[in-house]
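The following paragraphs lead through selected parts of a structure. Please keep the sequence and the model in view while reading.

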Amino acid sequence: MKKRILSLLMASIMVLGLAACGGKEEPAPEATPDTSQEQGGQETEAPAEQPAAAEGEKILYSNTGPVEFFEVPWWNLGQYVHSKLLFETLIGIDNDMNPTTETGMAESYELSEDGLQLTITLRDGLKWHDGQDVTLDDVVWSIEQVMTPGAGMANNTLKQTCEGIEGTQDYLDGKTEQPAGIELVDDKTIVLKFATVQPSVMLAMSLFPILPKHCLEGVDMTQIQQDPFWQSPVGSGPFKLEEVKIGEYATFAPFEDYWDGVADFKILLNASSAESDDKLVTNVKAGLIDYAYTKMYSDVQALRDVEGVTIDTVPVNYTRWFMVNQYPKAAGETNPLSDKRVRQAIAYAIDKATICEQIFEGAAMPGTGTLTPTGSNWKVEGLEEYAYNPDKAKELLAEAGWDSSRELKLAYYYTDQQTVDLMAIVQQQLAQVGIKVNPYLLEGDVPGQLNTAPTADGLAGVQWDLAYGALSALSPLDYYSRFAEGSSGTWHGPYDETLGAMVNEMLSTADVEKQMATYAKIEEYYADEIPYIALYYQPVWVVTSEKVAGNVSKWGNPQFYMQWDIQNWTLK
Amino acid sequence: MAKYIGKRILMFIPMALLMSFLIFGGMELTPGDFVSNMISPDMAANMTPDELNVLREAYGLNDPFLIRYVKWLGQIFQGNWGYSLSSGVPVKDIILQRLPVTLELALTGLVISAILGSVLGIVSALKRGSLLDHTLTLAGVIGMSIPQFFFGMVAILLFALNWKIFPVGGRTTPDMVHWWEHLRYLVLPALVLGVTQTASVMRYSRASMMDSMHKDFVKAARSKGLPEWRVNLVHGFRVSMTPVVVLLALRLPMLVSSSVVIENVFQWPGIGVTFKEAVSAGNYPLVMMIALIIVIMVLIISLVLDILTRVLDPRVRLE
Amino acid sequence: MSGESVISVKNLKTYFYSENRCNKAVNGVSFEIERGRTLCVVGESGCGKSVTASSIMQLLPKLSRIEEGEIVYHSETQGDIVLSKLKKNGKEMRSLRGKDIAMIFQDPMTALNPVYKVGWQIMENILQHEDVTKEEARKRTLDLLIQMGIPEPEKRIDQYPHEYSGGMRQRAVIAMAMSCNPKVLLADEPTTALDVTIQAQIFELMESLKKEHNTAILLITHDMGVVSEMADDVIVMYMGNVIESGTAREVLKNPVHPYTRALLASIPILGKGKEQQIEPIRGMTPNPHNRPKGCQFEPRCDFSCDTCRESMPGEEILEGTHMVRCHCWREVPRE
Amino acid sequence: MTFGEKRFHKKLDKIRRLEEEGVLAKKKKGSRALSKFMSNKMAMLGLVIFTIIFLACIFAPLLTSYRPEVVDLTNLMKPPSKDHIFGTDKVGRDLFARVLYGGRVSILVAGGGALGGALIGVLVGSFAGYRGGWLDKITMRLSEVFMSFPQLILVLVMVTIMGQSTRNIIIIFVITGWSGIYRQARAAMLSIREEEYVQALHAFGLNDMLICFKHMLPNALSPIIVNITINIAAFILEEASLSFLGLGVPMEVATWGNILNASQDMYTLQNAWWIWLPVGVVISLFVMSINFVGDGVRDTTDSSIQG
């Protein structure tokens with residue numbers, strides 16, 4: 001019998017040892033992980049597990065490689081690394097999201113005083129990777145594709161701007177060969193005339209990658225993503241596709257005819273989704289990633305102390321918020337959430353500062369009254385911050401006659417662990433001020449459940465009371481454009497005349513100064529009314545290894561095209 | 001024997017059909033569809049429902065369930081396995097590219113668990129009651145009790161990150177010239193998959209080995225003066241092999257299931273991961289074909305193993 | 001006991017240790033097996049007759065061992081070999097098994113390996129002990145099958161055990177045993193599983209082999225009819241001891257020990273009609289783990305006295321080789 | 001004489017000496033199966049561990065004053081200390097409470113699934129096995145369909161159909177788990193049907209249902225119990241893998257799978273061992289104990305394997 005117990009001990013020690021020493025080997029740090037902690041011995045020398053590059057040939061590793069296809073770059077304007085390598089935008093864009101002529105196809109551009117006419121002159125010598133010349137035909141063809149209705153794979157701002165060109169409707173009805181508003185002055189210059197003022201015309205045109213007409217001509221826009229072209233696309237960017245194994249990796253070679261310098265290294269992208277790459281940490285530690293960006297703060301925690309890895313925080317227009325459904329659920333009943341005091345109480349009841357402090361260790365900025373992220377020059381300072389103040393919340397609720405037995409349904413659709421933890425925190429903090437909230441995961445047709453329009457007799461189309469979501473805005477205008485008259489975005493509350501009027505006024509001019517002035521007025525009104533409650537503004541983090549560090553001092557928003565001129569990087 | 005195989009293969013068809021209908025019905029009942037999954041909710045925040053409908057129309061998601069099923073079935077018989085809704089790549093290409101990768105992992109796991117399991121089973125059966133026997137049995141039970149993905153992640157942590165013996169994941173890198181270079185990537189996932197299966201094969205082969213050791217013909221063999229290894233292996237094990245092979249046939253579907261988890265942990269570009277993505281994305285042509293292929297693959301391999309048991313055991317052969 | 005002895009067993013004690021208990025299966029047994037003669041070992045099941053045979057061949061299960069006593073094999077070529085001292089599965093012991101000493105088992109259904117051809121299993125024995133070519137071995141196997149009276153040997157040699165009938169399968173087992181002309185054949189109840197007509201053929205076959213090859217046969221049975229027909233010498237065993245032994249005529253004609261007499265009395269004799277009196281032996285064999293102190297048969301013996309309860313009777317020679325182990329055999333009334 | 005042989009002989013000498021002193025004779029004998037199970041130390045150990053964990057989960061409120069879902073932002077990721085025995089997770093919840101309350105859900109899901117599956121499996125299996133005919137053929141084909149289909153993939157499709165909730169997971173486990181026990185029950189029934197005493201019951205004119213369930217089933221019980229234990233163990237592990245794939249019980253409900261899943265990233269694995277090690281050990285111990293109990297039950301009935 002003694003033997004059986006002996007063997008029990010031996011076997012379990014063997015297996016548990018295997019499982020435990022993984023954790024034990026790194027000395028467990030004190031509670032708050034931000035104190036420096038001494039890293040396990042093996043990792044000190046450079047990550048040895050570098051797949052052997054051919055002798056002498058330098059390779060830059062990154063992620064967002066194609067999982068099933070190369071995504072049409074008109075949808076997420078530059079979110080994938082390969083979009084930024086393969087394609088080039090009509091007008092260049094710098095790291096502050098302003099148009100520039102240092103990059104992009106346009107040698108020069110000029111917007112008329114009234115913002116209705118845009119003249120663009122292309123650089124000469126622009127070539128496609130397959131050797132063909134880039135011509136204005138490609139530009140016109142690309143604009144025409146984005147205009148077509150049902151072009152599912154086109155970003156909304158880009159689509160609205162192109163649809164704003166004169167004669168669009170006639171062209172779509174087949175009356176004209178080409179929209180009247182597009183005029184070819186000579187083989188290098190094009191003039192775009194707009195029927196109505198497009199507020200973010202410059203932003204749209206500087207995030208508008210041009211596609212090769214000769215490869216994609218005649219494709220049905222609704223099925224464009226299914227075209228074989230997207231298995232190995234041809235572009236005019238600084239790198240061209242060398243070899244691709246869909247779902248595993250894709251390698252890019254420098255494009256020798258590129259007008260702005262030729263790189264002396266190749267690039268390898270591991271296949272991963274652009275939204276969240278759960279293998280990022282493992283691959284960085286194994287030396288399989290030299291450049292990548294992440295929105296997950298857990299990745300940052302894991303990588304902060306890895307030898308030779310630098311992490312840069314990049315403020316972006318990304319706001320996580322609670323959408324509030326103000327429509328009544330049953331006939332004859334008014335929805336308490338339509339009373340702004342209840343919304344304000346909710347804002348006061350959530351301890352946004354501690355959440356950002358504890359969960360994100362100060363990397364996320366607590367939400368204020370308005371949607372614009374702190375740090376953006378469009379944000380108006382000094383407005384109501386809605387800092388954590390449970391007593392004020394209780395006061396407001398009492399004033400509004402809030403019935404504490406009522407249970408609010410809080411919908412969320414992110415499935416990462418951080419979201420679930422956040423829901424638990426919010427549920428508990430709201431409970432402390434007497435608001436019962438039941439968070440549940442949205443499944444199946446999520447867009448449908450989030451944005452159903454109210455029924456004819458004014459009842460709520462959506463089931464939830466609060467919905468945790470986010471808006472990654474191209475430009476700050478996008479935050480408030482949804483409140484404009486008849487805009488397709490507002491379904492969660494009745495149209496607000498004062499707010500709607502201000503927004504329309506802002507959108508009616510392309511002059512940035514005028515837009516910012518109206519924007520400030522909107523912010524003031526919004527801070528009091530808070531139809532949607534801003535929870536926190538989340539930056540994006542760029543992770544770079546020793547090989548790449550120092551090439552770029554200031555990063556643009558990596559989710560869009562930016563001025564990183566990767567072809568001129570020098571790898572260590 | 002040929003008649004028997006013929007009968008079994010004929011039996012596949014109704015089962016495969018029943019299976020495909022079950023899954024097609026299942027996909028149909030899933031709330032939401034491909035289009036709603038394709039567009040991320042953040043993006044859809046400012047899209048009108050009718051824009052979504054235009055897309056649904058384009059993908060043919062609006063025609064009734066039965067018509068889509070018949071249309072899909074019709075395509076299959078013409079050899080056109082349909083196109084993945086998301087990437088437009090023919091489903092046949094995706095499967096032909098990804099299935100061998102999963103088979104490579106699953107079959108290596110099967111071989112490891114079969115060989116390791118039977119050898120350890122024989123050793124612990126012969127040394128019944130010894131310290132080795134108890135340790136092996138316990139290690140077997142412990143091996144069966146640890147969740148696979150947990151085992152896999154610890155394996156990555158130890159062998160790939162801390163001791164740098166094996167790569168962290170993935171299967172091929174561009175600088176691979178010969179086919180065998182990627183085997184280094186196969187070791188860890190196959191080992192993790194194999195070890196968890198080995199435990200049950202070992203327990204089963206130990207029981208069936210002990211059972212055959214009690215039989216008279218083993219005593220008769222020993223009475224012929226044969227050396228101990230010949231008595232145990234040629235006579236003892238040879239007879240106990242048949243039930244072990246039957247067990248392997250039964251455990252095969254389990255192996256495919258666990259390879260879905262292992263592929264997820266080790267970034268192994270197999271059909272399991274693709275299937276999971278396709279199911280949650282509602283990409284029904286891809287889901288249908290992968291499910292069908294997996295079922296047919298499992299049926300074929302269990303038929304092969306079934307025939308193997310007949311070859312192994314003459315008593316059954318005449319039936 | 002006129003022939004020349006092949007195997008002599010002296011005071012053999014074999015104990016079993018399964019389930020952490022010690023069971024004295026064979027508790028001091030001595031006898032001789034002689035060339036050309038059949039020694040019958042008879043007794044109820046559990047008296048240790050099979051254990052004795054296994055001890056000779058060293059085929060005992062793992063949790064058992066030969067405690068005391070000696071088994072000596074008088075080989076014509078290598079002189080006397082003490083079998084009980086040899087390493088259980090050692091090279092020397094294995095060279096004797098199947099070549100000099102062969103064994104056949106009770107149930108023909110399980111004695112042959114179901115997954116190999118019968119011919120192959122017989123050839124395995126030949127190839128193990130003699131370096132002959134495969135064809136040689138196959139030819140000898142064919143001769144053996146013919147010698148055993150198995151019809152169509154060409155077809156039969158390549159068939160599997162489940163394609164043989166019970167009787168034929170036992171013939172195949174005997175063929176396997178006799179394949180190397182063993183000096184001694186240990187047969188552990190070879191015919192119990194067969195029906196009577198087949199039994200007669202098997203015994204006739206064993207007789208002819210004995211005549212032809214002068215093989216010594218140790219025949220284990222619990223059927224006194226078989227003893228009267230086949231035996232040259234007899235030993236009667238009860239609870240691990242030999243309680244009476246001698247030539248067949250001495251023991252059968254003049255049984256002395258009450259147990260032997262009771263065994264002989266409990267056989268229905270052909271032709272004696274329905275009313276013949278058969279008295280079964282009262283009681284049951286005692287549990288091997290708690291044995292009675294004195295003579296093991298005492299609880300069931302009608303003539304037992306105090307000394308039987310006290311001490312184990314010693315061996316007494318009556319006349320010639322007729323031995324009995326009983327205190328009060330004299331009180332047993334002779335017919 | 002090698003070391004092994006010396007030890008072997010020493011052991012036998014000891015037993016012989018004890019036997020001769022009559023010490024061993026005195027042991028009394030309870031019911032054979034029960035004593036066999038008791039003598040199997042591993043099975044007893046398994047039973048003890050199983051009961052400890054099971055009772056700890058049931059009486060969780062007595063063992064810990066913490067609630068599993070209470071968030072406490074002041075101490076996140078604290079290693080085990082005297083007031084937090086298993087430490088706290090990323091959001092400050094007490095892990096010891098989560099493991100206990102999580103155990104309730106996991107055991108409920110796995111146990112419910114296995115027992116539900118067993119119920120259906122035994123009912124259908126025994127009746128089909130006993131009655132035979134077309135009923136037997138259909139159920140056999142159906143079970144073959146379920147058996148030949150990789151379980152996890154079937155579960156994947158059904159979870160996306162029915163959505164993720166504890167009740168759905170149990171239903172799914174029942175639907176995918178019944179075929180194993182169905183075959184076991186059917187095989188047992190087929191062999192028992194040939195027994196003489198069943199023919200005798202026919203002769204007495206008892207109706208089929210009575211014979212099948214009252215008389216035949218008890219004999220087939222032990223292989224079924226063994227199969228149930230295997231299923232419970234398998235479902236606990238499957239619940240963990242499902243939550244790893246993000247399809248298990250919804251995240252906010254504390255279950256063993258969800259707790260383990262929370263430590264999926266390398267940072268936790270390397271630095272916050274107390275988040276995954278205790279729950280990993282508890283899961284393994286629980287599953288191991290069930291397997292041991294299953295072995296113990298199987299050994300008591302399977303006569304061929306002696307002590």
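In this predicted model, the buried residues of helix H10 of chain A are covered by elements that include strand S13 (318-324), helix H12 (390-400), helix H13 (417-432) and strand S18 (533-537) of chain A. Helix H10(A) spans residues 340-349, and 8 of its 10 residues are buried. These buried residues are A:Val342, A:Arg343, A:Gln344, A:Ala345, A:Ile346, A:Ala347, A:Tyr348 and A:Ala349.

Chain B may be considered as a whole. It contains 14 helices and 0 strands, and its elements, read from the N terminus, are accordingly listed as α throughout. Of the 319 residues of chain B, 51% count as buried. Among the contacts in chain B with a separation of 6 or more, 75% join residues 24 or more positions apart.

Chain D offers an example of two helices packing together. Helix H8 (residues 166-193) and helix H11 (residues 221-244) of chain D have axes 10 Å apart and meet at an angle of about 155°. Because angles over 145 degrees count as roughly antiparallel, H8(D) is described as roughly antiparallel to H11(D). The crossing of these two helices, H8(D) and H11(D), is right-handed. On the side of H8(D), the residues making the contact include D:Ile169, D:Phe173, D:Gly177 and D:Ile181. H11(D) contributes residues including D:Ile224, D:Asn227, D:Ile228, D:Asn231 and D:Phe235. An α-helix has 3.6 residues a turn, so residues three or four places apart point the same way. By class, the contact of H8(D) with H11(D) comprises 9 nonpolar, 5 polar and 1 charged residues.

Definitions and conventions:
Residues are numbered from 1 along each chain as its sequence is written. Chains are lettered from A and ligands numbered from 1 in the order in which they are written. This is a predicted model: local features need pLDDT of at least 70, side-chain atom pairs count only at pLDDT 80 or more; totals for chains, interfaces and linings use all residues. Helices (H or I, at least four residues) and strands (E, at least two) are DSSP runs, numbered from the N terminus. A residue is buried if 20 or more other C-beta atoms lie within 10 Å of its own, exposed if 12 or fewer, and partly exposed in between; C-beta atoms are placed from the backbone. Two residues are in contact if their C-beta atoms, placed from the backbone, lie within 7 Å. Axes are lines fitted to C-alpha atoms, for helices over the stretch in contact, and angles run from 0 to 180 degrees between N-to-C directions. Angles under 35 degrees count as roughly parallel, over 145 as roughly antiparallel, 65 to 115 as roughly perpendicular and the rest as oblique. A crossing is left-handed if the near helix is turned anticlockwise from the far one by less than a right angle, and right-handed if clockwise. Ala, Val, Leu, Ile, Met, Phe, Trp, Tyr, Cys and Pro count as nonpolar, Asp, Glu, Lys and Arg as charged, and the others, Gly among them, as polar.
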